[in-house]
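Subject: Structure handover

Hi there,

Here is the structure I promised to pass on. Please have a look, and then read on for what I found in it.

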Amino acid sequence: MVGRPDKSAAAKTAGKPRRMPLAAKILLIMLGLLLAALCVFTYAYPSIFPGVTVGTIPVGGMSEQAAADRIMERSGALYEDAKVALTIYQTTYDIPVRDVLESVDGAQSAANAFAVGRTGNPLARMWDVAKALIGKNEAQIAAQVDKDGLEKALEEIVSQALTEPVEPTWEVGTDSITIHAGKPGVNFDTKAVRELLDEKIRLMDFEPYEVSTELSDPPAIDIDKIAAEAIGEGTSATVDKTDGKTIISEKPGVQFDVEEARSIIGDGSAESYTIPATVTPAKVTAEDLKEVLFRDTLAQASTNLDESNVPRTNNVRLAAASINGTILNPGDEFSYNGVVGERTEARGYKPAGAYVNGQVVDEFGGGVCQPSSTLYMAVLRADLEVTERHNHSFTVAYTPLGEDATVDYGNLDFRFKNDTDYPIKIVAEQTNGQMIMTIIGTKTTDKTVKTRTDVLATYTPETVEKKDNSMKVGESRVETTPITGYSTRTYKIITENGETTEELANSSNYVKRDKVVYVGTIQPTPVTPETPAESETEETDSDTAGESEQPAENT
């Protein structure tokens, strides 16, 4: 017989509450007592609660004053190498805390520690105390911000991070050109960043922060513009002519198909593009030039002058000073008038002898043909390309025939090019009765240059007599001294790698000047007069030998 449930027993217990197990009652009682004790502890404990730290500095169980002292003692280690990191559009800027922190506020930091577990409702307070007991409650350290240091740090960041849109760039490889898309302009609220940094430093909050930015679109890639900049013959490295030291990098020769490049770039949405190109390396690189810049003397020439002729020497010295230190990069052309400038009284030039219409007269700048002629002599021996040169109308004594170069501002110039592969420099010096020109550059071979001048014709001056009605018969005076004329050809004799060749440097034509003598016409008394002796000398004074005939030749 199957048993049935005892309905009467179930009915007896249905209306009665269940009793809590004794262990649970004990646990609840203990928890209540613990909470009560914690509550009492929270409100009654006189010091900073155990376990509280300020940064990494333990201050639990200490009075505020003792905690302040400890914080000041140990806080230096907290920020000695600490940095605040700001990220502004893909770039992170680190600000060393020591550069923007004036001091740590020990009293306020201790007060912050003391406040842990003493704010909010009882449950919140007890929770804070409990976290501190298990090492999970850190009080905020307080500090004074160095306003000037912070402003300086922010200015440096703003100068780099606050940008306008950047044009696309390009760079040349060995067989291609890489085009990089432009960069957007970056803008942000500098005032908000300043306030944020102030707060982070004041609270010693070293957590990284990303600044909210506004971006403006970069310019589109203009392949035609890039082609105009990139395509062309290569150029060698050069030197900055303002200081004669700074090397300007070379530029390789580049050729590429513009239409192919346009097709590769398409809508320009990628960050970079590689365009096939024919690249020709530069002949002289920056590294090459750095090793040999102004290493060798290419040529030197000197001429003599009479320093007792003070005005003329003054003019020679002024012209030399203008030329001294002139640098010509490969392909540059030197202009004597362009470098020396106009010879005027305001610029310090003095009147000195110059040829005008076949006569010696004083002109401002008389004598400046001697530096130009001396430089021409050096240029011939350096085997540089002469692009403009004029011989004097008459011969001059300070240079050999065919090696002079006359100048007249606004009319006659002396020009030459640096047709070497390296920069050259002119050293001009007037000293000890000499005008010295030195051309410094870089020798690449054992080339030497000498000169030879052939006289094709000689024009002998005649004596021309003119009457002077103020002198007696038999008396005479020399009005113009004679100068012999010549037709010449000057050659450069070039020896290089054991082989010698000749090259025509110039053809010069120096006109003659006849001797002019005035003779008296007044009949003398019947006494046989004495005829004064005459001395005919050819004019060879280097201090009066001069420039051109119609324009003044400033010899």
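At what angle do helix 10 and helix 11 pack? The angle between helix 10 (residues 223-230) and helix 11 (residues 258-265) is about 135 degrees, and their axes are 10 Å apart. Before the rest, please note that this is a predicted model, in which local features need pLDDT of at least 70 and side-chain atom pairs count only at pLDDT 80 or more, while totals for chains, interfaces and linings use all residues. Residues are numbered from 1 along each chain as its sequence is written, and side-chain values use heavy atoms, with hydrogens and water left out.

Helices (H or I, at least four residues) and strands (E, at least two) are DSSP runs, numbered from the N terminus. Axes are lines fitted to C-alpha atoms, for helices over the stretch in contact, and angles run from 0 to 180 degrees between N-to-C directions.

The two helices, helix 10 and helix 11, are therefore oblique to each other (under 35 degrees counts as roughly parallel, over 145 as roughly antiparallel, 65 to 115 as roughly perpendicular and the rest as oblique). On the helix 10 side, the contact (heavy atoms within 4.5 Å) is made by Ile223, Asp224 and Ala227; helix 11 contributes Val258, Ala261, Arg262 and Ile265.

Both helices also meet a sheet. This open sheet has three strands in the order 8-9-16, with antiparallel pairing (two strands pair if DSSP finds at least two bridges between them). Strand 8 (169-172) and strand 16 (272-276) are at the edges with a single partner strand each, so one side of each has no neighbour in the sheet. From one strand to the next, the twist averages 20 degrees. Five bridges link strand 9 (residues 176-180) to strand 16, and isoleucine 179 has tyrosine 273 in strand 16 as its bridge partner.

Helix 10 packs on this sheet by touching strand 8 and strand 9, and its direction makes about 135 degrees with that of strand 9. Helix 11 lies across strand 9 and strand 16, at about 150 degrees to strand 16.

Further along the chain, strand 30 (residues 485-496) pairs antiparallel with strand 27 (residues 448-459) over eleven bridges, with threonine 448 opposite threonine 495. Strand 30 is also joined to strand 31 (residues 499-510) by eleven antiparallel bridges; there, threonine 490 partners asparagine 506. Strand 30 and strand 31 form a hairpin with two residues between them, and asparagine 497 in the turn has a positive phi of about 55 degrees.

Best wishes
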